[in-house]
Amino acid sequence: MESEYKKRLFYGLVFLGLILLPQFVGNYWSHILGDVGLYVMLGIGLNVVVGLAGLLDLGYVAFFGVGAYSYALLASPHFHIHIPFLVLVPLCILIAMILGALLGLPVLRMRGDYLAIVTLGFGEIIRIFLNNLDPVTNGPKGLLRIDPFRIFGFTIDEPVEWYYTILLGILLSTFFYKRIMDSKIGRAWMAMREDQTAAELMGIDLLRYKLLAFSIGASFGGLGGAIFAARQGSIFPENFSLIVSINVLCILILGGMGSIRGVILGAFVLVGLPELLREFEQFRMLLFGLLLIIVTIFKPTGFFRPEKGLKIVND
Amino acid sequence: MKDMTQLTIEGLSISYGGIKALRSVSLEIKRDELVSIIGANGAGKSSLLKGISGLVRCERGKILFQGKDITNRPPHLIVKAGISQVPEGRRIFSRLTVLENLWMGAYTRSSKEEAIEDMEGVFSLFPRLKERKDQVAGTLSGGEQQMLAIGRALMGRPRLLLLDEPSMGLAPILVEHIFTTIKRIHAEGTGILLVEQNAFAALEISHRTYILQTGSIVMEGKSKEILERDDVRRAYLDIR
């Protein structure tokens with residue numbers, strides 16, 4: 001197919017561009033692009049919960065935070081534990097997933113606004129825990145000297161190296177996201193998102209698929225958190241405040257729910273743009289807010305339509 | 001199976017926050033029978049269907065399907081047991097296409113080949129759906145949406161089909177079409193429990209009918225006989 005070929009060529013070129021990019025922009029922008037990338041990862045994860053399963057989650061930062069603290073506690077001088085990252089990162093993802101399922105349990109019967117409020121509270125609870133649980137988390141003083149990723153004697157510590165690490169994380173996340181979306185799980189989520197009662201009548205086990213949505217969605221947050229902790233080298237409870245959840249949700253709204261391209265664009269606009277606007281100094285956030293309002297007025301459903309989730313025979 | 005009964009309901013009560021919607025209702029459907037339940041608005045017809053399909057909790061009573069107790073089981077297991085419901089107001093997935101809707105109906109099926117076969121069956125019942133298979137369901141007409149809702153339920157290959165007000169909001173000619181199709185579905189071997197406000201149409205196509213009034217069954221019998229009764233004609237058919 002001609003168009004399929006063109007599409008592949010396009011994505012190939014974009015990918016090549018992304019690989020070469022740090023060579024042109026230098027350390028500072030590589031770091032910013034890393035930030036953008038982390039938000040892309042979180043955006044993909046929240047997209048599972050909100051975009052695919054239709055569950056409005058305002059506490060997504062909790063999983064990011066738990067991923068980061070899990071990594072930091074088990075790979076820093078704080079407890080004198082130094083687990084190698086290849087073991088620890090999957091563990092962080094697992095912990096985030098368990099927490100996702102735990103959050104899912106009490107909110108299974110809630111829909112819409114009520115769900116949003118409870119998850120918002122959950123996000124705050126985790127942050128306050130991190131802040132007040134001094135003996136374990138070191139409270140507001142945070143965790144310092146966190147191990148970077150080390151592999152075969154090579155240490156990832158330059159912004160450019162982190163950029164590639166995060167890029168790899170995004171590729172894995174995207175691959176995973178697409179696979180789930182096209183699976184039977186993705187189909188169940190889609191039905192759930194469109195109409196929960198109708199989904200039940202199709203024989204879809206709502207409880208099971210809601211828990212799956214929360215825990216699979218959380219896994220991306222856990223991965224992002226672990227990378228964040230290792231990259232920053234130090235983390236504090238304040239890194240995981242409500243505004244992160246809001247920002248990630250804004251990325252989805254801006255880019256278009258249920259779309260990966262949308263998430264990428266949204267992250268560039270929401271995380272990258274404020275940096276570009278830095279020269280406007282104190283007007284920067286004002287200008288940024290204005291841009292958001294304009295986009296909401298002219299593109300109320302975001303820039304991209306969701307990718308189709310049903311792979312079916314057409315006859 | 002020891003007898004010919006497919007569904008048995010004994011003393012079923014359902015209430016919503018203290019308000020009784022159903023008071024000790026008992027009924028049964030024999031294998032491959034077409035049974036209708038008629039009654040006015042708020043008589044408890046929909047609650048009865050929702051109780052069977054597991055969408056609302058039954059407070060008291062028992063529901064047996066093919067000899068197995070399915071009282072208060074979660075809806076997805078009841079679908080797997082072989083009962084599909086076409087819900088009130090159709091509840092099609094309006095942003096998905098006709099084809100996608102039908103595939104959702106086949107969610108519990110393990111064999112794709114069988115599901116494709118069933119889809120051919122649905123298309124032969126409703127050729128209209130085949131013509132519109134790639135259309136977004138929300139843009140279908142009311143009648144087509146009802147066809148889709150029925151077709152979607154059939155994709156689960158139910159042994160018993162629960163229909164909640166399939167005539168609601170449809171033009172008389174479409175009502176006739178839908179009811180003819182219901183008869184055909186039944187003739188092809190699916191048990192049907194039909195809930196209707198359109199008492200006349202329901203009595204015409206069903207074997208037996210239960211009349212529900214403020215949560216209780218007030219009359220039960222062969223549809224033909226009920227259709228003849230003057231008191232029923234006056235109360236439900238608006239014929240003097």
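**Exercise 1. The contact between chains A and B**

Determine how many residues each chain brings to the contact in this predicted model, and describe the side of chain A that touches chain B.

*Solution.*
Step 1. Count the residues on each side: chain A contributes 15 residues and chain B contributes 22 residues.
Step 2. Locate the helices involved. On the side of chain A that touches chain B, α7 (184-194) and α8 (196-201) of chain A each supply at least two residues. The greatest share comes from α8(A), which gives four residues.
Step 3. Sort this side of chain A by character: eight residues are nonpolar, two are polar and five are charged.

**Exercise 2. The overall build of chain B**

State how many helices and strands chain B has, and decide whether its radius of gyration is close to or far from the value of the globule rule.

*Solution.*
Step 1. Chain B contains 10 helices and 10 strands.
Step 2. The globule rule gives 18 Å for 240 residues, and the radius of gyration of chain B is 17 Å; the two values are close, so chain B is as compact as a globular protein of that length.
Step 3. Along the principal axes, the C-alpha atoms of chain B fill a box of roughly 45 × 40 × 35 Å.
Step 4. Of the 240 residues in chain B, 48% count as buried. Among contacts in chain B with a separation of 6 or more, 66% join residues 24 or more positions apart.

**Exercise 3. Helix α4 of chain B**

Check the length of helix α4 (residues 112-125) of chain B against its expected span, then find which of its residues are buried and which exposed residues lie on the face turned away from them.

*Solution.*
Step 1. The helix has 14 residues, and at 1.5 Å a residue it should span 20 Å. The expected span is 1.5 Å times one less than the number of residues. The end C-alpha atoms of α4(B) are 20 Å apart, which agrees with the expectation.
Step 2. The buried residues of α4(B) are A115(B), D118(B), M119(B) and V122(B). Viewed down the axis of α4(B), these buried residues fall within an arc of 110°, so they line one face of the helix.
Step 3. On the face turned away from the buried side of α4(B) are the exposed residues E113(B), E114(B), E117(B), E120(B) and S124(B).
Step 4. The cover over the buried residues of α4(B) includes α3 (98-105), α5 (127-131) and α6 (142-154) of chain B.

**Exercise 4. A four-stranded sheet in chain B**

Establish the strand order of the open sheet that contains β1 and β4 of chain B, and identify its edge strands.

*Solution.*
Step 1. Strands of a sheet pair through backbone hydrogen bonds, either parallel or antiparallel.
Step 2. List the pairs. β1(B) and β2(B) are antiparallel and share eight bridges; here T5(B) has K30(B) in β2(B) as its bridge partner. Strand β1 (residues 5-16) and strand β4 (residues 60-65) of chain B are joined in the antiparallel sense by five bridges, and T8(B) stands opposite L64(B) in β4(B). Finally, β4(B) and strand β5 (residues 68-69) of chain B are antiparallel over two bridges, with F65(B) opposite K68(B) in β5(B).
Step 3. The order of this open sheet of four strands in chain B is therefore β2-β1-β4-β5, with antiparallel pairing. Its edge strands are β2 and β5 of chain B, each of which pairs on one side only.
Step 4. Examine the hairpin of β4(B) and β5(B): two residues lie between the strands, and Q66(B) takes a positive phi near 45°.

**Exercise 5. The surroundings of S26(B)**

Is S26(B) buried, exposed or partly exposed, and with which residues is S26(B) in contact?

*Solution.*
Step 1. S26(B) is placed in strand β2 (residues 19-30) of chain B.
Step 2. Within 10 Å, S26(B) has 14 other C-beta atoms, so it is partly exposed.
Step 3. Apart from neighbours within four places in sequence, S26(B) is in contact with I9(B), E10(B) and G11(B).

**Exercise 6. Two residues with positive phi**

Compare the location and burial of R90(B) with those of T214(B).

*Solution.*
Step 1. Most residues other than glycine have a negative phi. Phi is positive for R90(B), near 70°, and for T214(B), near 35°.
Step 2. R90(B) belongs to the loop between β6 (83-86) and α3 of chain B, whereas T214(B) is in the loop between β9 (208-213) and β10 (216-222) of chain B.
Step 3. R90(B) has 23 other C-beta atoms within 10 Å and is therefore buried. T214(B) has 14 C-beta neighbours inside 10 Å and therefore counts as partly exposed.

Key: Residues numbered from 1 in each chain as written. Chains lettered and ligands numbered in written order. Predicted model: local features only at pLDDT ≥ 70, side-chain atom pairs only at ≥ 80, totals over all residues. Buried ≥ 20, exposed ≤ 12 C-beta atoms within 10 Å, placed from the backbone. Arc of directions from axis to C-beta. Contact = placed C-beta atoms within 7 Å. Rg over C-alpha atoms; globule rule 2.2 N^0.38 Å. Nonpolar A, V, L, I, M, F, W, Y, C, P; charged D, E, K, R; others polar.
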